[in-house]
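Here are my notes on the model, as numbered points. Please read them with the structure open.

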Amino acid sequence: MDWLFNWTGWLIFGFVLLALELIIPGVFIMWWGFSAVILAILVALVPDLSQAVQITVFAVLAIIFSLIWWKYQHSKDKQDDKATVLNSRDHAMIGTQGFIVEILENGIARGKFGDTTWRVIGTELNIGDKVQVQRVEGITLYVQKIS
């Protein structure tokens, strides 16, 4: 396995890992490939590096690149989750207009929004009133009457 511990071996290994990323996507093997390519450059500049140092540098670079990518992607996912209403039908309801179809007790009513009825709370609601959703708490829509 001495062929791996020169700059051409690391370069080939890096490109094989990068090619594997194309076949097995996931943006993980790519960082190992970049680590091998960087190590190939380092070994070309300093050819007397021992095998132990080369393996250690490769492992450290791969871990650092992977952790940096994971941290970046994790923070981006959190930002995207806050900005999306995908799979959050209740939050997508804000601003939606509908009609009151049933008056219950204690200021609670049922409103029809699209093809679904929701529990709604508002002031001075009557059957047939056009309403707009102002906020959502659980399965209850807080609405305001539209004239």
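1. Two rings of Phe, Tyr or Trp are taken as a pair if their centres lie within 6.5 Å; planes under 30 degrees apart count as stacked, over 60 as edge-to-face, and the rest as tilted. By this rule the count comes to eight aromatic pairs. The model is a predicted one.

2. One of these pairs is Phe5 with Trp10. The ring centres are 6.1 Å apart and the planes stand at 75°, so the pair is classed as edge-to-face. Are the two residues buried or exposed? Both Phe5 and Trp10 are buried.

3. Trp69 and Tyr72 give a tilted pair, with 5.5 Å between centres and 40° between planes. Both residues belong to helix 3 (residues 51–83) and are three residues apart, about one turn of the helix. An α-helix has 3.6 residues a turn, so residues three or four places apart point the same way. Trp69 has 25% relative accessibility and therefore counts as partly exposed. Tyr72, at 45% relative accessibility, is also partly exposed.

4. The tilted pair belongs to a wider group: Trp31, Phe34, Phe65, Trp69 and Tyr72 form one aromatic cluster. Trp31 of this cluster is listed among the buried residues of helix 2.

5. Helix 1 (residues 7–23) has 17 residues, and its first and last C-alpha atoms are 25 Å apart, close to the 24 Å expected at 1.5 Å a residue. Its buried residues are Gly9, Trp10, Gly14, Leu17, Leu18 and Glu21.

6. Glu21 deserves a separate look. Its relative accessibility is 12%, so Glu21 counts as buried, the limit for that class being under 20%. What does Glu21 touch, leaving aside residues up to four places away in sequence? The contacts are Gly26, Val27, Phe28, Ile29 and Met30. Of these, Ile29 is itself a buried residue of helix 2.

7. Helix 2 (residues 29–45) also has 17 residues, which at 1.5 Å a residue should span 24 Å; the end C-alpha atoms are 25 Å apart, in agreement with that value. The buried residues of helix 2 are Ile29, Trp31, Gly33, Ser35, Ala36, Val37, Leu39, Ala40 and Val43.

8. An unreviewed UniProt entry annotates residues 6–24 and 52–70 as "transmembrane region". In the model, residues 6–24 are 89% helix and 0% strand, with end C-alpha atoms 27 Å apart. Residues 52–70 are 100% helix and 0% strand, and their end C-alpha atoms are 27 Å apart. Trp69, discussed in point 3, lies in helix 3.

9. The unreviewed UniProt entry also places "domain: NfeD-like C-terminal" at residues 91–145. This span is 4% helix and 60% strand, and its end C-alpha atoms lie 19 Å apart.

10. How many salt bridges does the model contain, if a side-chain nitrogen of Lys or Arg must be within 4 Å of a carboxyl oxygen of Asp or Glu? The count comes to two. In one, Lys145 is joined to Asp129, with the closest N and O atoms 3.5 Å apart. Lys145 lies in strand 5 (residues 140–146) and Asp129 in the loop between strand 3 (116–121) and strand 4 (130–137), so this bridge ties together parts that are 16 residues apart in sequence. Lys145 is partly exposed, with a relative accessible area of 37%, whereas Asp129 counts as buried at 15% relative accessibility.

11. A salt bridge also links the side chains of Glu137 and Arg135, at 2.2 Å from N to O. Both residues count as partly exposed: Glu137 has 42% relative accessibility, and Arg135 has 39%. Arg135 has a further partner, since its charged end sits over the ring of Tyr142, 3.9 Å from the ring centre.

12. A backbone item closes the list. Glu124 has phi near 50°, a positive value in a residue other than glycine. Where is Glu124 found? Glu124 is in the loop between strand 3 and strand 4, the loop that also holds Asp129. With 67% relative accessibility, Glu124 counts as exposed.

Key. Residues numbered from 1 in each chain as written. Predicted model: local features only at pLDDT ≥ 70, side-chain atom pairs only at ≥ 80, totals over all residues. Heavy atoms only, no water. Helix = DSSP H or I, 4+ residues; strand = E, 2+ residues; numbered from the N terminus. Buried < 20%, exposed > 50% of the residue type's maximum accessible area, 1.4 Å probe, protein only. Contact = heavy atoms within 4.5 Å. UniProt positions renumbered as here; feature names shortened; annotations may be inferred. Expected span 1.5 Å × (residues − 1). Phe/Tyr/Trp six-rings, centres within 6.5 Å; stacked < 30°, edge-to-face > 60°. Lys NZ or Arg CZ within 6 Å of the ring centre and 35° of its normal.
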